[in-house]
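Visitor: Please take a close look at one part of this model, the ligand and what surrounds it.

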Amino acid sequence: MIMYSSTRGGGEKINAAKAVIKGIAEDKGLFVPDRIPVLEQPLEALCGKTYQEIAEKVIGAFFQDYTGEEIHDCVIHAYDDKFSAEEIVPMAKIGGGQPVYFLELYHGKTAAFKDMALSILPYLLTTAMKKEKEDKQIAILTATSGDTGKAALEGFADVPQTQIIVFFPQDGVSEVQKRQMITQTGKNTHVFAIRGNFDDAQTGVKNIFADREFAQDLEEKGYKLSSANSINIGRLIPQVAYYVYAYVKLLEVGEIQPGEQINVTVPTGNFGNILAAYYAREMGLPIKTFICASNENKVLTDFIRTGKYDIHRDFHLTNSPSMDILISSNLERLLYHLSGEDGKAVRGFMKALEREKAYEISPEMRDNMKVFYGGFADQGETLKVIGQVYDKYGYLMDTHTGVGYSVYQKYVQETGDKTKTVIASTASPYKFASAVAQAIELDQELDDFRYVESLRDETGVEIPQGLRDLQRKPVLHNQVIDVSDMKRQVWNCLK
Ligand SMILES: *Cc1c(COP(=O)(O)O)cnc(C)c1O
């Protein structure tokens, strides 16, 4: 059976259910599977299967301590008519000679790809709690750069035996994102704006997780902490499924031949989405290159090009705020795999990052990283491609997907590679309405909410259900706090 252990080498191996409940390992490492399962059947054999059927196979292959029936139940409850597209993740093709395929991951409740994992995580978690006979309440702490927070709140709202606490950077999210979070209903939901950026929020949450004494006090109160961030393996694994699904769909319609390699482009922040693609490749999906796209916070571009991860740099607030991140948590999992599962080495890198704000990997590890291409697009380039693609093909992208497309173009220019490419389309354009409206040169409006309407009038693209009438919903969470106050607020939330 596949077991899970810390990227930093500490602690014992545990089953998937326990890893999902814990969220993060005691030595602050992330849980990783001790081997990556290989797909049992050839990919052609999956042609004709639904998203749910493929998700069941992929998630079941990793989470072997769950029964087939348990995984099936989790999947069918997660991927149902909450999604506005029957296929769950539709694909859009643009271009002739060298087409690209946008894998639209944003048709869930909150209009961002985070719904793909956060629709199922509550089911995986509550199932795990039953299996492990966990009688405590689980308090889920989440730091968000905008999209995870809302998706986690929607996923966990009023789920029995859970509390969900979200921290977002006060000035680091779009107006639509903020309004989505502060209007959240549900008795177990708690939302705080923090004075700081996303990294401050994420570090604050990680420090709370590492505080043993606090954990003890909470246990006495009847609570255990867990995470809905992509540090939780229960978030990462469901994301592997859509890459397998995308490949199978391309096979099914004859866009690719059996065995043909594809490239995958992923607009990247915390490195979760692209790592899921890497896991898909390890399972047997023929992926040639991972195109890792960043915005001006291009720490990953530099890392992939030089082998040095260095956060001595300014933090930029950009028009793709969900990628405004300097410390990409899931890179730790990649380091673990690239180093030949060397927990001690990973612990060293993470210590150096904490102390010296930088680390450098070995030539061997760089060699293993050659399947990754790193590039970035600035805000102007992002707006430009959104405008171009809309003018030329009538296809509307959000700013994050725009970063992905721009970097994809640079990659093709640099390498001449003609491999067919899937671009992860991570959010609805309506979530970043003012920037998208600017990109396609609409008139100025007063706020994001009016841009949502003018975008609809111009493009005819339907406004996602969850974004309609947002400005009229009552604000239910209005606290703004200091990072140093996060722990106390967690304590106060948990009665
Ligand atoms: C979270 C997010 C990303 C970055 O994904 P990671 O898994 O953190 O790399 C990109 N785009 C959007 C819209 C997001 O919400």
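Guide: The ligand is surrounded by 15 residues, counting a residue as near if one of its heavy atoms lies within 4 Å; the closest are K114, D147, G269, N270 and N273. This is a predicted model, in which local features need pLDDT of at least 70 and side-chain atom pairs pLDDT 80 or more, while totals for chains, interfaces and linings use all residues. Residues are numbered from 1 along each chain as its sequence is written, and side-chain values use heavy atoms, with hydrogens and water left out.

The shell divides into five nonpolar, eight polar and two charged residues (Ala, Val, Leu, Ile, Met, Phe, Trp, Tyr, Cys and Pro are nonpolar; Asp, Glu, Lys and Arg charged; the others, including Gly, polar).

Backbone N or O atoms lie 2.9 Å from a ligand oxygen at N273 and 3.2 Å from a ligand oxygen at G272. On the side-chain side, a polar atom of T426 lies 2.9 Å from a nitrogen atom of the ligand. The protein buries 98% of the 380 Å² that the ligand exposes when taken alone (Shrake-Rupley areas, 1.4 Å probe).

The space the ligand takes is the largest cavity, a cavity being a set of points on a 1 Å grid over the protein atoms alone where a 1.4 Å probe fits but cannot get out.

Definitions and conventions
Polar contact = N/O pair within 3.5 Å; in protein donor to acceptor, adjacent residues only side chain to side chain. 1 Å grid on protein atoms, 1.4 Å probe; cavity = no way out; pocket = protein on both sides within 12 Å on 5 of 7 lines; lining within 4 Å. Sits in = over half its atoms within 2 Å of the grid points.
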